[in-house]
Amino acid sequence: MDGIINNPFSGQEYIQYGKFTFKNETSKIYRVDPATVNVDEFVTLDTSIKSQTAAWKGYYSDIALFQSPVADVKKEVDAKTTAAINGFFDGTVSEDELADTFQTLAGQLSDACQEAGYPIPLQSKGVTQSLTETFYSGFRRKILEVAVQRSNQEGKQYIAGEMNAQRNWKYYNSDYYFRSEAAISAITDGLNKLAQGPAYGGFTIPDYKAEGLNLYYNYNTAFSNGFAVDEQFMLDPDAVPPENFQWFYQSGGDGTSKVIEADSLTIGHPDGTTEFIDYRPKSFDPTDYRTATTWAAYRDAQGNKHVVSTNFFYNFSKDDLRNVADLLNFTQGDPAQDSAVNRFLKNLQVYSQGYFSRFPQIKSFDCRI
């Protein structure tokens with residue numbers, strides 16, 4: 001066996017790289033006679049950029065960064081990220097400003113990591129791309145998180161009575177879909193400007209939908225995240241809603257144990273006549289677990305608001321799963337606009353609380369969120 005050849009660090013005990021000092025261990029590298037090697041035992045080493053990027057992602061997770069030497073910078077960057085996103089939804093931050101903020105904060109975190117030598121002082125394409133991809137994904141997730149939080153807060157005003165574990169509700173405002181799409185487009189433009197040069201060769205954005213990352217894909221998947229068994233209000237997450245569209249749904253219940261109640265009573269009298277008494281509820285009651293209500297609204301091109309609503313009832317069978325288009329239908333407005341809204345209503349469904357636990361659907365299970 002020959003010693004290593006062409007060693008540029010021969011005779012040096014330590015090697016200086018920027019402000020970092022490494023011990024020279026190259027003397028331990030040696031050449032092996034190929035005739036003595038069993039190539040059948042070799043395992044293929046995946047050196048692709050995708051593999052390298054995946055290997056370093058764990059170091060850039062929120063948990064890892066908050067325990068790293070750049071924890072203080074991470075906190076500062078997170079605070080600025082949240083402020084910029086909220087400013088965008090408030091209308092005080094433009095798309096260009098959001099894109100610039102994304103690039104600035106990505107650079108701030110990257111510089112801090114390089115200064116601290118985290119996770120390693122020696123930079124590589126895999127390390128660089130892993131940080132950039134992870135930062136972009138986190139920024140994107142935060143956009144969708146803020147959009148859903150704001151929508152939920154807005155929807156609470158329409159809830160009648162006290163919400164409890166016996167009830168469920170959902171509110172959708174298409175403004176948050178379009179606003180979040182604009183925000184994602186802005187930071188993606190910022191990413192494309194940032195990811196230039198040799199270090200970003202082969203860089204790609206993850207396929208969040210294919211990977212089942214609902215909280216990262218779009219507003220629709222974040223709005224009804226299929227990771228939770230009872231969050232299946234949206235059928236096609238790629239369906240684009242009409243502009244200026246709202247939808248609200250709630251079921252009733254007082255939170256107490258369900259008591260079996262008779263729907264009706266038929267009395268047979270001696271004279272042969274019968275009397276029918278209907279005990280079923282006639283309207284929505286926020287304390288009655290059998291009742292539910294839903295409405296939808298949209299504002300047309302002239303600024304006029306159109307609203308349709310209905311009450312309906314559950315019998316706690318498989319029939320409880322309802323398509324919203326079967327409950328609500330617009331017919332009084334412009335035919336083209338009514339048709340567009342009605343098409344989107346077909347993409348929504350409602351069901352009694354715990355429906356998918358009682359009647360589980362056969363589908364693959366994915367723990368990724």
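Start with Phe245 in this predicted model: leaving aside its neighbours within four places in sequence, Phe245 is in contact with Tyr172, Asn173, Ser174, Ala296, Ala297, Tyr298, Val341, Phe344, Leu345 and Leu348. Phe245 is also one of the residues that touch the most other members of the largest nonpolar core, which has 72 residues. The others in that group are Leu98, Phe139, Tyr172, Tyr219, Trp247 and Leu345. Helix H5 gives the most to this core, with 10 residues. Apart from it sits another core, made of six residues, among them Tyr171, Phe248, Trp295 and Ala297.

Helix H5 deserves a look of its own. Of its 31 residues, 22 are buried, so H5 is largely enclosed by the rest of the structure. The length of H5 works out nicely too: at 1.5 Å a residue, its 31 residues should span 45 Å, and the end C-alpha atoms are indeed 45 Å apart.

Helix H3 (residues 71-90) gets the same kind of check. Its 20 residues should span 28 Å at 1.5 Å a residue, and with the end C-alpha atoms 29 Å apart, the two values agree. As for what is tucked away, the buried residues of H3 are Ala71, Lys74, Val77, Thr81, Ala84, Ile85, Gly87, Phe88 and Phe89. These buried residues pack against four helices, namely H2 (62-66), H4 (95-116), H5 (125-155) and H6 (174-194). Right after H3 comes Gly91, with a positive phi near 90°.

Now for the charged pairs. Side chains of opposite charge can pair when their charged atoms come close. The count here comes to 12 salt bridges. In one of them, Lys57 pairs with Glu133, and the closest N and O atoms are 2.3 Å apart. This pair links distant parts of the chain, with Lys57 in the loop between H1 and H2 and Glu133 in helix H5, 76 residues apart. Lys57 counts as partly exposed because its relative accessibility is 32%, whereas Glu133 is buried, with a relative accessible area of 9%.

Another salt bridge brings together the side chains of Asp238 and Lys209, at 2.3 Å from N to O. Asp238 is in the loop between helix H8 (219-223) and strand S4 (245-251), and Lys209 is in the loop between H6 and helix H7 (214-217), so the pair ties together parts 29 residues apart in sequence. Both partners are partly exposed, Asp238 at 32% relative accessible area and Lys209 at 42%.

Arg358 and Asp320 also meet through their side chains, in a salt bridge of 3.9 Å from N to O. Since Arg358 lies in helix H10 (residues 355-358) and Asp320 in the loop between strand S8 (305-313) and strand S9 (322-323), the pair ties together parts 38 residues apart in sequence. Arg358 is partly exposed at 34% relative accessibility, while Asp320 counts as buried at 0%. Elsewhere, salt bridges that share partners join Asp62, Lys74, Asp78, Arg141, Lys142 and Glu145 into one network. Lys74 in this network is also listed among the buried residues of H3.

Finally, the surface. Tyr30, Val32, Val37, Val39 and Phe42 make a nonpolar surface patch of about 500 Å². Within this patch, Val37 belongs to the loop between strand S2 (20-23) and helix H1 (49-56), and Val37 counts as partly exposed, at 31% relative accessibility.

Conventions. Residues are numbered from 1 along each chain as its sequence is written. This is a predicted model: local features need pLDDT of at least 70, side-chain atom pairs count only at pLDDT 80 or more; totals for chains, interfaces and linings use all residues. Side-chain values use heavy atoms; hydrogens and water are left out. Helices (H or I, at least four residues) and strands (E, at least two) are DSSP runs, numbered from the N terminus. The expected span of a helix is 1.5 Å times one less than its number of residues. Buried means under 20% relative accessible area, exposed over 50%, partly exposed in between (1.4 Å probe, protein chains only). Contact means heavy atoms within 4.5 Å. A nonpolar core is a set of buried Ala, Val, Leu, Ile, Met, Phe, Trp, Tyr and Cys residues joined through side-chain atoms within 4.5 Å. Patches are made of residues with over 30% relative accessible area and no salt bridge: like charges are joined within 9 Å, nonpolar side chains (Val, Leu, Ile, Met, Phe, Trp, Tyr) within 5 Å. Accessible areas come from the Shrake-Rupley method with a 1.4 Å probe; for residues, only the protein chains shown count as cover. A salt bridge is a side-chain nitrogen of Lys or Arg within 4 Å of a carboxyl oxygen of Asp or Glu.
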